[in-house]
Number of protein chains: 2
Amino acid sequence: MTIYDIAKLAGVSIATVSRVVNGSPKVSEKTKETVRRVMAETNYTPNAFARGLGLGTMQTVGIVCPDVADPYMAKAVSYLEKNLQGYGYDCILYCSGYDDADREQAVSLLLKKQLDALLLVGSIFSDEQSAVLTQLREAAARIPIFLINGVLSGDNVYCVLGDDYQAVYDVTEELVLAGKRRILFLTNSSSYSAGRKQQGYEAALAAHQLDVDARLILHCENSIPATRDLLLRQRGLTFDSVIATEDGMAVGALKYAAVCGLRVPDELSVVGYNNSELSICCEPELTSVDNRGELLCRTTIDSLMALLDGQTIPKQQVIKCHLIKRASTDF
Amino acid sequence: MTIYDIAKLAGVSIATVSRVVNGSPKVSEKTKETVRRVMAETNYTPNAFARGLGLGTMQTVGIVCPDVADPYMAKAVSYLEKNLQGYGYDCILYCSGYDDADREQAVSLLLKKQLDALLLVGSIFSDEQSAVLTQLREAAARIPIFLINGVLSGDNVYCVLGDDYQAVYDVTEELVLAGKRRILFLTNSSSYSAGRKQQGYEAALAAHQLDVDARLILHCENSIPATRDLLLRQRGLTFDSVIATEDGMAVGALKYAAVCGLRVPDELSVVGYNNSELSICCEPELTSVDNRGELLCRTTIDSLMALLDGQTIPKQQVIKCHLIKRASTDF
DNA sequence: TTTTCAAATGTAAGAGCTTACAATCAGGAT
DNA sequence: ATCCTGATTGTAAGCTCTTACATTTGAAAA
């Protein structure tokens with residue numbers, strides 16, 4: 001079934017059929033009617049490739065995220081997809097893994113696909129020299145690129161991110177004001193946002209004339225048992241509170257406290273990040289920073305559409321996080 | 001940059017360039033070399049639409065799932081994507097929502113896209129009359145359809161699913177043998193797999209000459225607070241154990257136990273489903289059925305590839321689940 | 001040297017759509 | 001009746017690739 005068949009059956013030219021398919025106004029109601037009927041009867045679907053060839057777009061954007069199995073990214077992808085759907089766009093998904101080489105490959109594959117935009121979720125590019133970065137900047141020459149919770153300078157590159165610096169600054173300050181002096185900072189990557197979080201932590205301590213004890217900054221995997229075990233191995237280390245850059249690590253800290261018989265929040269306060277389902281699952285429930293994934297995604301898509309519509313949009317949009325207070329802290 | 005430019009620069013015809021791009025063996029090493037060099041220098045990428053038009057495929061499969069934000073489906077999508085990647089296929093994702101009308105729309109949109117296959121995750125079609133079903137069967141005339149954890153008869157439709165019936169049968173039996181007599185069954189949908197789970201529950205009770213008390217079968221949302229509150233509202237109901245068809249509900253039951261001061265597992269045993277991260281997050285940790293999402297997905301993709309390769313594959317593949325025993329039960 | 005044949009390459013016809021431009025048509029103005 | 005106009009429709013030239021078939025080439029066989 002091609003456009004020619006429909007044209008023949010409807011007794012019109014293929015141009016007219018195409019106009020009907022694309023909702024052009026320059027077709028009389030009568031023929032529009034006829035063509036629609038024939039299309040319905042024959043169950044005709046325009047060939048997407050030919051359409052894409054002619055139009056130069058297939059209304060599709062690419063989403064690259066390290067791992068959709070991660071609940072935070074899963075939520076993000078879900079929001080993105082829904083919002084894109086609302087604008088009539090489809091999304092093709094790549095789970096790139098966290099490795100730079102893998103991500104580079106994902107981007108390069110995606111670039112072959114005549115997409116309308118590229119969305120990178122939870123980007124964790126470490127150094128400016130990284131191959132992905134140069135590749136992304138090249139890519140941006142062709143289509144707009146959006147980083148969600150990441151930062152990259154460059155033409156046609158836009159960033160939408162939570163204000164992680166401020167969020168951690170604020171919660172650190174709250175802990176200090178609550179009398180905590182040895183705040184353990186658990187982080188899991190060298191990403192831009194992990195860096196910003198750590199800066200917030202250090203700045204808040206400095207603002208209160210507290211020294212940053214390097215031993216209190218621990219790198220660990222975002223996994224409950226891994227974090228628990230890591231902490232159990234640090235027996236020399238004393239701390240009265242924990243700020244984790246992911247909820248999984250925070251729950252690991254709770255498990256550690258349970259093993260050691262530490263009362264939470266009295267003897268150990270714990271703060272998580274992302275306000276995932278884990279935070280209301282554990283015991284006690286976790287105080288956690290909600291970095292507004294849903295809002296970030298909506299903002300991203302709205303901005304993208306504005307851009308595709310020819311409007312100018314800000315290069316960087318920063319959205320304030322919310323601290324959700326629960327039983328794992330006493331402020 | 002089109003294939004013509006490359007041909008001109010390399011001093012060959014477009015056919016030769018195309019052959020090089022597609023790895024045809026009928027090109028001399030020398031010209032292959034030249035063309036490759038020119039392509040690299042010019043950073044040429046074949047147009048995916050034109051390619052698709054010519055080849056009739058773009059190596060892409062569609063994935064429909066109700067909600068990637070759900071950790072179980074997120075994991076499934078992640079596995080599917082990775083496995084497809086391994087075969088050089090891309091995936092385009094639709095989060096259809098749980099509503100039949102929405103899912104129908106998703107499928108119909110997807111069908112316009114010249115995909116190589118359609119994968120439905122966690123399908124929860126209720127009745128045989130549903131519009132999605134007829135639509136899917138029509139779709140199957142064009143491309144193969146795979147249901148992951150769902151069942152649908154029809155030509156060119158294949159199902160890969162966990163043996164939920166047996167899993168629930170077995171765990172119910174374990175509870176009975178552990179002396180439990182009033183086993184609450186928490187379920188959240190009228191999907192095929194929810195039905196099978198319930199059948200397993202009822203069959204196991206019957207096998208041990210225990211009556212099925214209809215009041216002990218509760219429908220509830222897969223959400224920790226929703227389940228907790230639901231149980232708190234059922235004060236007349238007595239039960240000594242809970243089997244939930246999702247981990248979220250099981251954790252809700254644990255929260256309920258905490259509120260009521262019931263000791264788990266002594267006074268209340270709780271079994272969850274899917275062995276999600278929640279199950280090692282809560283306190284006590286949750287005994288949960290692992291329905292082998294990873295294996296299901298790998299099986300699905302391997303089968304799909306075998307099918308595309310012209311081989312015959314089974315219409316239905318059932319994979320045994322694993323019970324992961326933790327502290328919320330005492331068997 | 002001529003013949004033969006396979007390997008290498010080129011030509012051109014699609015694949016199914018969009019759209020600029022041309023053609024047609026109906027009806028009002030002259 | 002003739003001309004003009006705007007609305008509608010058709011024609012044909014792309015868009016970029018694949019590939020069947022034709023052609024050329026070069027070397028081995030005769």
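1. Buried means under 20% relative accessible area, exposed over 50%, and partly exposed in between, with a 1.4 Å probe and protein chains only. B:Tyr201 has 1% relative accessibility, so B:Tyr201 counts as buried. B:Phe185 has 0% and is buried too.

2. Scope. This is a predicted model, where local features need pLDDT of at least 70 and side-chain atom pairs pLDDT 80 or more, while totals for chains, interfaces and linings use all residues. Residues are numbered from 1 along each chain as its sequence is written, chains are lettered from A and ligands numbered from 1 in written order, and side-chain values use heavy atoms, without hydrogens and water.

3. Aromatic pairs. Rings of Phe, Tyr and Trp (its six-membered ring) pair if their centres lie within 6.5 Å; planes under 30 degrees apart are stacked, over 60 edge-to-face, the rest tilted. Over all chains, eight aromatic pairs result. In one of them, B:Phe185 and B:Tyr201, the ring centres are 4.8 Å apart and the planes at 20°, so the pair is stacked. B:Phe185 belongs to strand β6 (residues 183-187) and B:Tyr201 to helix α9 (residues 192-207) of chain B, so the pair ties together parts that are 16 residues apart in sequence. Helices (H or I, at least four residues) and strands (E, at least two) are DSSP runs, numbered from the N terminus.

4. Charges over rings. The criterion is NZ of Lys or CZ of Arg within 6 Å of the ring centre and within 35 degrees of the ring normal. A:Lys197 lies over the face of A:Tyr273, 4.0 Å from the ring centre. B:Lys315 has its charged end over the ring of B:Tyr158, at 5.1 Å from the centre.

5. DNA strand C. Near means a residue heavy atom within 4 Å of the strand. There are 27 residues around strand C, and A:Ile3, A:Ser18, A:Asn22, A:Tyr44 and B:Arg19 come nearest. Sugar and phosphate make up 65% of the strand C atoms within 4 Å of the protein.

6. Polar contacts to the DNA. These are pairs of N or O atoms within 3.5 Å. On strand C, the A:Tyr44 side chain has an N or O atom 2.4 Å from a phosphate oxygen. A backbone N or O atom of A:Asn47 is 2.9 Å from a phosphate oxygen of strand C. On strand D, the B:Arg51 side chain places an N or O atom 3.0 Å from a phosphate oxygen. A polar side-chain atom of B:Tyr4 is 3.4 Å from a base nitrogen of strand D.

Key: A polar contact is a pair of N or O atoms within 3.5 Å; within protein, one must be able to donate a hydrogen and the other to accept it, and residues adjacent in sequence count only if both atoms are side-chain atoms.
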